[in-house]
Amino acid sequence: MATRFLMSIILLSLLLSFSSSLPTYSILDATQILSNSGYVAMALILEFGSQTDLIPPSQSLTIFSPSDTAFSLSGQPSLDLLHFHFTPRSFSLNSLKSLPPGYQIPTLFSNHSLFISSNADSQTSVNGVKINGSALYDDGFLVIFGVDNFLDPDFTVSGSINGSTGGICECHVTSGDDDYSFEEASGVLKSRGYSVMASFLDLQLAKFKDHTRLTILAPVDEIVKGFMGDFSDYRSIFLRHVVPCKISWRDLVSLDDGVVLPTYLRGFKINVTVSSTFLMFNGVQVIFPEIYSNSWLAVHGLEGSLVMQEPTATASNAEKIVVDFKAIKVLIAFYFLLLCTSQLNSIL
């Protein structure tokens with residue numbers, strides 16, 4: 001009985017380790033900095049929201065915080081409007097600057113996205129509102145930018161992302177003098193919520209000969225974990241997310257719609273979809289351009305994982321895996337509760 005009790009604790013701990021909530025210290029530090037920087041209203045919302053359902057659990061978060069003056073002029077905002085200022089991804093200022101005008105950023109307001117409205121003269125605007133300089137707070141998990149006004153959910157932007165492939169894929173051998181190590185890239189990925197792909201790099205699941213230039217497409221942790229089975233599957237997952245060319249974000253948005261990219265997994269190709277507001281690989285949207293980049297490597301963050309689907313597979317499979325995993329967590333927790341009750345009854 002004691003062995004079963006111990007195994008239950010271990011299993012429950014492993015399951016709960018996949019929690020997608022922000023670190024407590026991030027919330028505490030951020031609220032303090034916001035309060036001291038003229039953003040007391042957002043500090044109170046962040047502190048209260050992190051303890052309730054106001055802010056859904058997320059491993060990373062970017063907040064565009066209106067100033068206290070904006071709150072006083074507009075009055076109490078609706079919950080939807082507040083959610084419109086939260087995006088469930090961490091974007092550094094450099095990441096935002098790399099996005100072209102018209103690019104969509106997901107928010108916690110269902111079916112509503114933010115738009116990059118301008119990126120010129122070192123000024124970045126979202127939905128027509130300028131971001132006030134560098135981030136107020138950025139620890140890799142939580143990023144907060146100050147804005148002077150509330151962002152308008154009805155804002156629209158014109159323009160498109162288009163262009164040609166014009167010889168952008170540099171797949172030739174680089175100089176042997178280059179520092180060909182994934183250590184720095186791995187550290188950056190871990191700090192941005194892409195620990196699974198970082199672990200693949202640390203494990204050196206593939207040997208890249210002759211210092212070939214690479215592009216890695218990194219799925220977010222909460223999605224790719226659902227597709228991980230036996231250790232023997234890891235290499236396949238990793239290789240189908242690696243393109244044997246270094247393609248910067250600027251080059252990616254210049255690709256023609258429908259271009260097909262090769263990968264290191266034999267027979268697995270990536271179809272590029274370019275629209276007026278986003279870029280996708282095999283139907284999976286790029287949400288974090290150039291998480292990391294050096295002279296031979298570019299890493300872009302994906303909203304999901306590039307999967308090898310059967311002909312009848314549907315997009316709902318990934319959602320079912322997430323739901324099933326949550327159900328398992330509930331069942332294990334319930335079992336643990338019953339086990340504890342049994343232990344107490346035997347003692348009494």
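**Entry 1: a bridge in β15.** I looked up Phe288 and found that its bridge partner in β15 is Gly301. The model is a predicted one, and I read every entry below with that in mind. Phe288 led me to the pairing of β14 with β15 (residues 297-302): the two strands run antiparallel and are joined by four bridges.

**Entry 2: the other side of Gly301.** I then asked which residue of β9 is bridged to Gly301, and found Ala218. β9 and β15 run parallel, with six bridges between them. Gly301 is thus a bridge partner of Phe288 and also of Ala218.

**Entry 3: the sheet.** I traced the strand order next. The sheet is open and has seven strands, in the order β10-β9-β15-β14-β13-β12-β11, with mixed pairing. At its edges I noted β10 (242-243) and β11 (260-262), each of which pairs on one side only. In general, strands of a sheet pair through backbone hydrogen bonds, in either a parallel or an antiparallel way.

**Entry 4: β9 and β10.** I checked how β9 meets the edge strand β10. They run antiparallel and two bridges join them. Thr215 has Val243 as its bridge partner in β10.

**Entry 5: burial of β9.** Is β9 mostly covered or mostly open? I found it mostly covered, with six of its six residues buried. In a regular strand the side chains alternate between the two faces of the sheet. I sorted β9 by direction: Leu214, Ile216 and Ala218 point one way, while Thr215, Leu217 and Pro219 point the other way, and all of them are buried.

**Entry 6: a helix across the sheet.** I looked for what lies across β9 (214-219) and found helix α7 (residues 183-191). This helix also lies across β14 and β15, and runs at about 130 degrees to β14.

**Entry 7: positive phi.** I turned to backbone angles. Most residues other than glycine have a negative phi. I noted Asn127, which is not a glycine and has a positive phi near 50 degrees. Asn127 sits in the loop between β5 (123-126) and β6 (129-130). Asn282 is another non-glycine residue with a positive phi, of about 50 degrees. I placed Asn282 in the loop between β13 (279-281) and β14 (284-293).

**Entry 8: exposure of the two asparagines.** I compared their relative accessible areas with the 20% cut-off for burial. Asn127 has 5%, so it counts as buried. Asn282 has 33%, so it counts as partly exposed.

Notes
Residues are numbered from 1 along each chain as its sequence is written. This is a predicted model: local features need pLDDT of at least 70, side-chain atom pairs count only at pLDDT 80 or more; totals for chains, interfaces and linings use all residues. Side-chain values use heavy atoms; hydrogens and water are left out. Buried means under 20% relative accessible area, exposed over 50%, partly exposed in between (1.4 Å probe, protein chains only). Two strands pair if DSSP finds at least two bridges between them. Contact means heavy atoms within 4.5 Å. Axes are lines fitted to C-alpha atoms, for helices over the stretch in contact, and angles run from 0 to 180 degrees between N-to-C directions.
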